[in-house]
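This report describes one protein structure for a reader who has not seen it before. The sequence and the structure come first, and the description follows.

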Amino acid sequence: MTVFCALTSSVARAFAPTVRRSSTVGVSTTRFMSSSSSDKASSPPMPHEEDKMPYYALGVNLAQQVGGQGNLKTLLDDDELEIALEGFCDTLRGTSTTDARTVLQAYGQSLNQILQQRSADINDRIKKEGQDFIDNFLDCNEEATKTESGLVYYEMKAGEGEQPTLQSTVEVHYHGTLTDGTVFDSSVDRGQTISFPLGGVIRGWQEGLQLMKEGGKATLLCPADLAYGDAGSGEVIPPGATLKFEVELFKVTNA
């Protein structure tokens, strides 16, 4: 599917509230956020009156579906985004002076080429930043090792218990960040450990946790091909991203 088709197909879906999903280390969990009266009181005021906000919510949903999934905010500059919004509004209102099908047939291919090239450029830049981060980490931590796959393993605390295999279920605490320090997911911050089958998570975790023993703690640096690759994950993990995890292994269960 082309970039343009992927963007436009998302708009065709029926309206549904967007639920943020945490898919870190390959374990997908859906968190339903409930709003209490105290939450509403501390939130900034809404841009419209209550009876108009459902229509504003429609716009928010469309923006998340199209802009979020296609990373438009990183692919277009401000002037280009304004032109895109003009085309969206003119078409939605029926005020465009040009037939929509004619525009798409004439310029859809050019749009695909622009978005694909810019996506590739960003991907390459992020991968290079990740490699630079890994090289610097290895320079600063002599005890860290880089495996044949490209995983960087740095033992922070040696464990003395069971060592997991791919068939094991493990209980861990983890803290995941991008190379710029942005936290994208953390069981530590949530204050609750997580258990999952080791064979069902990203390759960097599969390899790294098999080097650990119960009671141990380690830092794992996972380049993109051991994490979420060129697809990324949602809005928090960009395509091509190198991920850093601090992982503490509490329990190994073998069937």
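## Terms and model

A residue counts as buried when its relative accessible area is under 20%, as exposed when the value is over 50%, and as partly exposed in between. The model described here is predicted.

## Helix α6 and its contacts

Helix α6 covers residues 100-140. F137 is located in this helix. Because its relative accessibility is 11%, which is under 20%, F137 counts as buried. F137 and L221 are 84 residues apart in sequence, yet their C-alpha atoms are 9.1 Å apart in space.

I122 is another residue of helix α6. With a relative accessible area of 21%, I122 is partly exposed. Its C-alpha is 9.4 Å from that of P238, and the two residues are 116 positions apart in sequence.

## Salt bridges

The structure contains six salt bridges. One of them joins R118 and E80, with 2.8 Å between the closest N and O atoms. R118 lies in helix α6 and E80 in helix α5, so this pair ties together parts that are 38 residues apart in sequence. R118 is partly exposed, at 28% relative accessible area. E80 is also partly exposed, at 27%.

A salt bridge within helix α6 links K128 to D132, and here the closest N and O atoms are 3.1 Å apart. K128 and D132 are four residues apart in the helix, so about one helical turn separates them. K128 is exposed at 53% relative accessibility, whereas D132 is partly exposed at 39%.

E49 and K52 form a further salt bridge, in which the closest N and O atoms are 3.8 Å apart. E49 is exposed, with a relative accessible area of 54%. K52 is partly exposed, with a value of 41%.

## A negative patch

Which residues form the negative surface patch? The patch is made up of D77, D78, D79, E82 and E86. D78 belongs to helix α5, which spans residues 78-93. The relative accessible area of D78 is 63%, so this residue counts as exposed.

## Strand β5 and its partners

Strand β5 (residues 169-178) pairs with several strands. With strand β9 (residues 243-253), β5 runs antiparallel and is joined by 10 bridges. Within this pairing, H173 has E248 of β9 as its bridge partner.

Strand β6 (residues 183-186) also pairs with β5 in the antiparallel sense, over three bridges. T177 stands opposite V183 of β6. β5 and β6 form a hairpin with four residues between them. In the turn of this hairpin, G181 has a positive phi of about 95 degrees.

## Strand β7 and the loop before it

Four bridges connect β5 to β7, and these two strands run antiparallel. V172 stands opposite I194 of β7. The side chains along β7 alternate: I194 and F196 point to one face and are buried. S195 and P197 point to the other face and are not buried.

Where is T193 placed? T193 is in the loop between α7 (187-190) and β7 (194-197). T193 is partly exposed, with a relative accessible area of 29%. The C-alpha atoms of T193 and V172 are 5.5 Å apart, although the two residues are separated by 21 residues in sequence.

## Strands β8 and β9

β9 has a pairing with strand β8 (residues 217-222) as well. β8 and β9 pair in the antiparallel sense over six bridges. In this pairing, the bridge partner of L220 is F245 of β9.

Conventions
Residues are numbered from 1 along each chain as its sequence is written. This is a predicted model: local features need pLDDT of at least 70, side-chain atom pairs count only at pLDDT 80 or more; totals for chains, interfaces and linings use all residues. Side-chain values use heavy atoms; hydrogens and water are left out. Patches are made of residues with over 30% relative accessible area and no salt bridge: like charges are joined within 9 Å, nonpolar side chains (Val, Leu, Ile, Met, Phe, Trp, Tyr) within 5 Å. Accessible areas come from the Shrake-Rupley method with a 1.4 Å probe; for residues, only the protein chains shown count as cover. A salt bridge is a side-chain nitrogen of Lys or Arg within 4 Å of a carboxyl oxygen of Asp or Glu. Lys and Arg count as positive and Asp and Glu as negative; His and the chain ends are not counted. The place of a charge is taken as NZ of Lys, CZ of Arg, CG of Asp or CD of Glu. Buried means under 20% relative accessible area, exposed over 50%, partly exposed in between (1.4 Å probe, protein chains only). Two strands pair if DSSP finds at least two bridges between them.
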